[in-house]
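Here's a quick walk through one model, from a covered helix to the cores and a helix pair. Have a look at the fold first, then read on.

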Amino acid sequence: MPGPCPDAPEPVPGRCGVLEVPENRTHRGGRTIRLAVVIVPAVSKKPAEDPVVFMEGGPGGDAIGAIPFLIASRVNQDRDLIVMTQRGGPYSQPHLACPEIDRFNAKAVGLPYDAPSTGRLLVRAAKECRDRLTADGIDLRAYNTTENAADFAALRTALGIRKWNVYGYSYGTDLGLTYLRRHPRGIRSLTIDSVVPPQIVSLPWAWDSAREGIDAIFAACEAQPRCKSRYPDLHRTLTEQVRRLEANPLRLTARPPGGGDPVKVVLDGGTLVNLLVADGRALPAADVPAALDELARGNPERLARIQAAGATPAIGEFAHGLTHSVACAEWVPGHGKPDLLEAGRRAFPGWPDTVLAHAPQLPFEHDLCRVWNVPDRTAIQRVPTHSKVPTLIITGTFDAKTGASWGPYAGRTLPRSTAVQIPGIGHFVVPQSPCAQRVLASFLARLTAPDTGCVAGLAPAPFTITPDPERT
């Protein structure tokens with residue numbers, strides 16, 4: 001149904017509309033929900049007939065907000081680009097925002113990351129959000145990847161598109177693989193960027209990804225003579241700092257990078273790990289060795305300022321309700337707290353258990369899921385996708401959220417897949433890598449023979465080298 005474009009911070013290009021779908025397809029005659037749709041026209045005057053449909057990450061991310069990155073990456077060069085908000089996401093109705101959790105996150109920058117008292121505050125905020133959403137009649141059981149995939153199948157039908165190309169990143173790869181498995185009709189190709197294989201994703205899995213990404217950053221420093229000389233033995237430095245901060249957290253005042261009044265922050269072991277595993281925008285991989293060296297030498301200012309940025313989140317924008325409805329139904333069940341701790345110990349032996357007891361980016365998720373209270377869907381969702389649909393798999397070696405090796409892992413059951421690893425790039429590869437953009441364009445033009453030649457000449461960018469205080 002045509003309609004006005006979402007009122008986003010940046011003007012939304014193209015035609016807009018709304019897709020209305022059942023909230024819960026297993027309950028006939030129930031309420032419906034509305035999903036915003038944007039069709040960005042191709043740049044080419046003679047575009048191909050098969051558009052690209054984009055699947056946002058998160059879960060709970062802003063698909064509309066990704067449009068500028070996709071346009072800058074020339075995803076719509078030769079094909080129309082279709083972007084739809086996922087159910088519960090920003091600009092959908094309902095929007096499963098949790099300002100309660102946003103306000104907790106703002107306060108959490110000044111709290112010990114993994115203290116039980118911090119966990120109780122997070123769980124209380126989540127319960128307040130859940131109680132409010134369910135009081136509004138929202139069926140949180142329906143906000144899952146199965147229903148999400150069915151929405152995209154319904155969108156293709158509604159638009160009368162015979163075939164299209166699916167491009168998903170992060171959680172969007174979990175969704176894209178599920179969509180291919182459950183609704184293969186009409187899919188010309190699948191591109192998955194920063195891969196979350198549905199058959200393996202879990203809280204313990206997050207520690208494997210963290211280890212792989214951090215190892216890759218440290219190995220790249222080792223391979224650059226200036227970095228190796230200036231920052232020797234980064235693994236030891238990191239372990240020492242995690243242990244030191246966890247035993248004696250730093251309580252500081254720091255000014256957020258974007259300006260504003262100074263705020264109180266706490267840097268403990270869990271905070272340090274979380275900053276390293278985040279998507280790299282706040283702490284670029286090129287700065288990681290310098291930041292760790294500064295910390296070890298008694299200068300935590302760089303990390304403190306990055307932590308301070310979390311004190312001013314956008315209240316009510318991110319769809320935390322979708323995040324936890326998916327995570328608590330599909331990622332958390334089947335692995336208890338001991339499994340998570342054991343995975344952490346395997347990944348980072350010698351680190352404190354208090355740090356390793358929490359999955360990076362999802363602390364206290366077992367406790368939160370008890371109050372979120374959605375049913376276990378792992379039997380339906382934790383399934384590999386077997387398909388002969390041509391698939392492009394793109395991963396970045398510095399990705400500590402979704403480790404690069406999980407791309408080829410997902411490709412084991414996709415016999416017509418091409419996997420490329422982009423050195424020195426973290427999470428959400430295509431917008432950061434001109435080479436990845438060229439590979440994607442080549443793949444969409446020639447599904448069976450994409451040109452991946454640019455990958456061979458790539459190497460991580462030089463790391464930031466700060467003056468050595470012992471030589472000055």
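A residue is called buried when its relative accessible area is under 20%. Keep in mind that this is a predicted model. With that cut-off, helix α9 (residues 269-277) is mostly covered, since eight of its nine residues count as buried. Those are G269, G270, T271, L272, V273, L275, L276 and V277. What do the buried residues of α9 pack against? Their partners are five helices and a strand, set out by name here: α6 (203-223), α8 (234-247), α10 (288-296), α11 (301-308) and α14 (353-356), plus β8 (263-267).

Now for the cores. In soluble globular proteins, nonpolar side chains tend to be buried together. Here the largest nonpolar core runs to 111 residues, and Y179, W207, L238, W351 and W372 have the most contacts inside it. Helix α6 is the top contributor to this core, giving eleven residues. There's also a second, separate core of 34 residues, with L81, I394, V420 and L444 among them.

W207 ties a few of these threads together. Setting aside neighbours within four places in sequence, W207 touches V273, L340, A343, G344, A347, F348, W351, V355, L356, H358, A359 and P360. One of these, V273, is also on the list of buried α9 residues.

Next, a helix pair. Helix α2 (residues 99-108) packs on helix α3 (residues 116-135) at an angle of about 160°, and the axes are 8 Å apart. Angles over 145 degrees count as roughly antiparallel, so that is how α2 and α3 are arranged. The crossing of α2 past α3 is right-handed. On the α2 side the contact uses P99, E100, I101 and F104, while α3 brings T118, L121, L122, A125, A126, E128, C129 and R132. By class, that makes eight nonpolar, one polar and three charged residues.

T118 deserves a closer look. Apart from its neighbours within four places in sequence, T118 is in contact with F104, L111, P112, Y113 and F364. Is T118 buried or exposed? The table has the answer, next to a loop residue.

| Residue | Where | Relative accessible area | Class |
|---|---|---|---|
| T118 | helix α3 | 5% | buried |
| P184 | loop between α5 (171-182) and β6 (187-195) | 44% | partly exposed |

So T118 is buried because its 5% falls under the 20% cut-off. As for P184, its C-alpha atom is separated by 53 Å from that of N248, with the two positions 64 residues apart along the chain.

Definitions and conventions:
Residues are numbered from 1 along each chain as its sequence is written. This is a predicted model: local features need pLDDT of at least 70, side-chain atom pairs count only at pLDDT 80 or more; totals for chains, interfaces and linings use all residues. Side-chain values use heavy atoms; hydrogens and water are left out. Buried means under 20% relative accessible area, exposed over 50%, partly exposed in between (1.4 Å probe, protein chains only). Helices (H or I, at least four residues) and strands (E, at least two) are DSSP runs, numbered from the N terminus. Contact means heavy atoms within 4.5 Å. A nonpolar core is a set of buried Ala, Val, Leu, Ile, Met, Phe, Trp, Tyr and Cys residues joined through side-chain atoms within 4.5 Å. Axes are lines fitted to C-alpha atoms, for helices over the stretch in contact, and angles run from 0 to 180 degrees between N-to-C directions. Angles under 35 degrees count as roughly parallel, over 145 as roughly antiparallel, 65 to 115 as roughly perpendicular and the rest as oblique. A crossing is left-handed if the near helix is turned anticlockwise from the far one by less than a right angle, and right-handed if clockwise. Ala, Val, Leu, Ile, Met, Phe, Trp, Tyr, Cys and Pro count as nonpolar, Asp, Glu, Lys and Arg as charged, and the others, Gly among them, as polar.
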